[in-house]
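The following exercises concern a structure of two protein chains and the contact between them. Each task is followed by a solution worked in steps.

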Amino acid sequence: MAAAEELAFHEFEEATNLLTETPDAVTTIRSDQLASREHVSVVVGSSVSYGAEELQEEGDKTALLQEEKPQPGFWTFDYYQSFFDVDTAQVLDRIKGSLLPRPGHNFVQHHLRNRPDLYGPFWICATLAFVLAVTGNLTLVLAQRQDPSIHYSPQFHKVTVAGITIYCYAWLVPLALWGFLRWRQGMREHMGPYSFLQTVCVYGYSLFIFIPTVVLWLIPVQWLQWLFGALALTLSAAGLVFTLWPVVQEDTRPVATALLSTVVLLHALLALGCKESLVGMWGGTILSPDVLLPAHVMPMVTMWPGS
Amino acid sequence: KYQFAGLSDISISEDTPVEGEITIPMRSRAREFDSSTLNESVRNTIMRDLKAVGKKFMHVLYPRKSNALLRDWDLWGPLILCVSLALMLQKSSVDGEPGGGPQFAEVFVIIWFGAVTITINSKLLGGNISFFQSLCVLGYCILPLTAAMLICRLVLLAGPGPINFMIRLFVVVVMFAWSVIASTAFLADSQPPNRKALAVYPVFLFYFVISWLILTFTP
């Protein structure tokens, strides 16, 4: 049994190496009924692979398991059901992974593991849109407490605007990024580009950090708002950069840096847009500045344009 | 062929009439039932539907794990609740300013598209509830929030103020919790256990948005 266990352990390392090289491979975990242990196999493409050769030693049952089901067409319900094949624990794990980016810790490899889902991106964007609208409303209510002359209205149209902006960002920017990476595919031999769904997933989960940030922006202290904004932007953009770095590093230097800086810039624009819609960049778009800032700061405020 | 051996002895003489009656009780009763609902008065038809809707309201108010809401679904209750909620959320259109509360159509769209999105989400996650059953449950569980809206409107008649706001906040929070618990009692069982939270969270978000609409309403 020692030899068999060694074989199983050895196989796991091989599987991770194979996965690094070909991220499009499908990983499956099967509990083999004959040997009653679990092992990971990597099926690379449709040809007989390294993992499969070892499986054939264990009997015909595994050969049956290896048949891949034909991919259902995009007009069937099952096609879309395959994108929602996640458990609660997996979604929570992915959210945690997006909150704590580490260099070299690739979100796609470690957390997605070739099973990207659409649940996370869709509901994180929806939550962010509604939280933005609710917080904007609350900011107005708090301001009205201090200055009854501000006319309060629920401002329901903010939900629509916020929702459309966030969904467009979370779907169109990954589309552009994916298209660009595919176009530059020729330069790459080590690692293929991410699929469209993986890119959407990365972007969607990276937006999660903005949800608590938007709630914390209720605190009417200017420098604290900038601090929270910078912190959220750093974490979120770092996650994106660390994920994209392995794919982009084989490209030429100027293209790589241009791509990464564009990604970060667009993310920063989104964060600024959120802050602007809530409290204004200089703290005074929907609220008059003399409500939030003490009187001795007033002369400085009037020097800034547009507030 | 041996089981019919005894029958070969039976002979029927030609002058004995063979007659009888064949009645199929179920079919004749069904036919009677059909004609009776066609001929019944309009009042009976309406009362029957109203009683079904009322029975479901009772199930929402006292949520137990029963299947009555799921078995015979209907969308009359949700429609009545949605329309009354949307009507109550209308401001008086004396001051026609743009940045105001939600319009009737906006509330309607939020409720129905929200319910459809949650249903599609729960089906995509692998739940075994049918589309209209889920819409039915989500629509009926708006009942506590409609009651909260009614109470808020009555409380607002007394004039604005902090005590006023605290009462409204308390009522809306209690009704929101009631809605979420009632709908979870019906919907959570249809999901595999490791995905229950994923299916319940959108329901929470949906009722939260409706509660926010109710709480921020000013006449």
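**Exercise 1. Determine how many residues each chain gives to the contact, and how much area is buried between chain A and chain B.**

Solution. The model is a predicted one. Begin with the residue count: chain A supplies 26 residues to the contact and chain B supplies 27 residues. Next, take the area: about 2,500 Å² is buried between chain A and chain B, and carbon and sulfur atoms give 67% of it. Finally, consider the chain A side, where Tyr119(A), Trp123(A) and Phe156(A) lose the most area to chain B, together 27% of what that side buries.

**Exercise 2. Identify the polar features of the interface and the elements of chain A that take part.**

Solution. Two salt bridges are counted between chain A and chain B. In a salt bridge between Asp87(A) and Arg195(B), the closest N and O atoms are 3.0 Å apart. Nine residue pairs, both members at pLDDT 80 or more, are in polar contact across the interface. On the side of chain A that touches chain B, two or more residues come from each of α4, α5 (88-99), α7 and α8 (157-183) of chain A. The largest share of that side is from α7(A), with nine residues.

**Exercise 3. Decide whether Ala129(A) is buried or exposed, and find what it touches.**

Solution. First, locate the residue: Ala129(A) belongs to helix α7 of chain A. Second, apply the cut-off: buried means under 20% relative accessible area. Ala129(A) has 5% relative accessibility and therefore counts as buried. Third, list its contacts: leaving aside residues up to four places away in sequence, Ala129(A) touches Ala162(A), Gly163(A) and Ile166(A). The C-alpha atoms of Ala129(A) and Val161(A) are 8.6 Å apart, although 32 residues separate the two in sequence.

**Exercise 4. Compare an annotated span of chain B with the helix found there, and state what covers that helix.**

Solution. An unreviewed UniProt entry places the feature "transmembrane region" at several spans of chain B, including residues 104-125. The end C-alpha atoms of residues 104-125 of chain B lie 32 Å apart, and the span is 95% helix and 0% strand. Helix α5 of chain B, residues 104-124, has 21 residues and reaches 30 Å, close to the 30 Å expected at 1.5 Å a residue. Just after α5(B), Gly126(B) adopts a positive phi of about 100°. Among the buried residues of α5(B) are Val107(B), Trp112(B), Asn121(B) and Leu124(B). Their cover includes α4 (77-81) and α7 (119-146) of chain A, along with α4 (76-88), α6 (131-140) and α9 (196-215) of chain B.

Key:
Residues are numbered from 1 along each chain as its sequence is written. Chains are lettered from A and ligands numbered from 1 in the order in which they are written. This is a predicted model: local features need pLDDT of at least 70, side-chain atom pairs count only at pLDDT 80 or more; totals for chains, interfaces and linings use all residues. Side-chain values use heavy atoms; hydrogens and water are left out. UniProt positions are given in the numbering used here, feature names are shortened, and annotations may be inferred rather than shown by experiment. Helices (H or I, at least four residues) and strands (E, at least two) are DSSP runs, numbered from the N terminus. The expected span of a helix is 1.5 Å times one less than its number of residues. Buried means under 20% relative accessible area, exposed over 50%, partly exposed in between (1.4 Å probe, protein chains only). Contact means heavy atoms within 4.5 Å. Buried area is the accessible area (1.4 Å probe) that two parts lose on being put together, summed over both. A salt bridge is a side-chain nitrogen of Lys or Arg within 4 Å of a carboxyl oxygen of Asp or Glu. A polar contact is a pair of N or O atoms within 3.5 Å; within protein, one must be able to donate a hydrogen and the other to accept it, and residues adjacent in sequence count only if both atoms are side-chain atoms.
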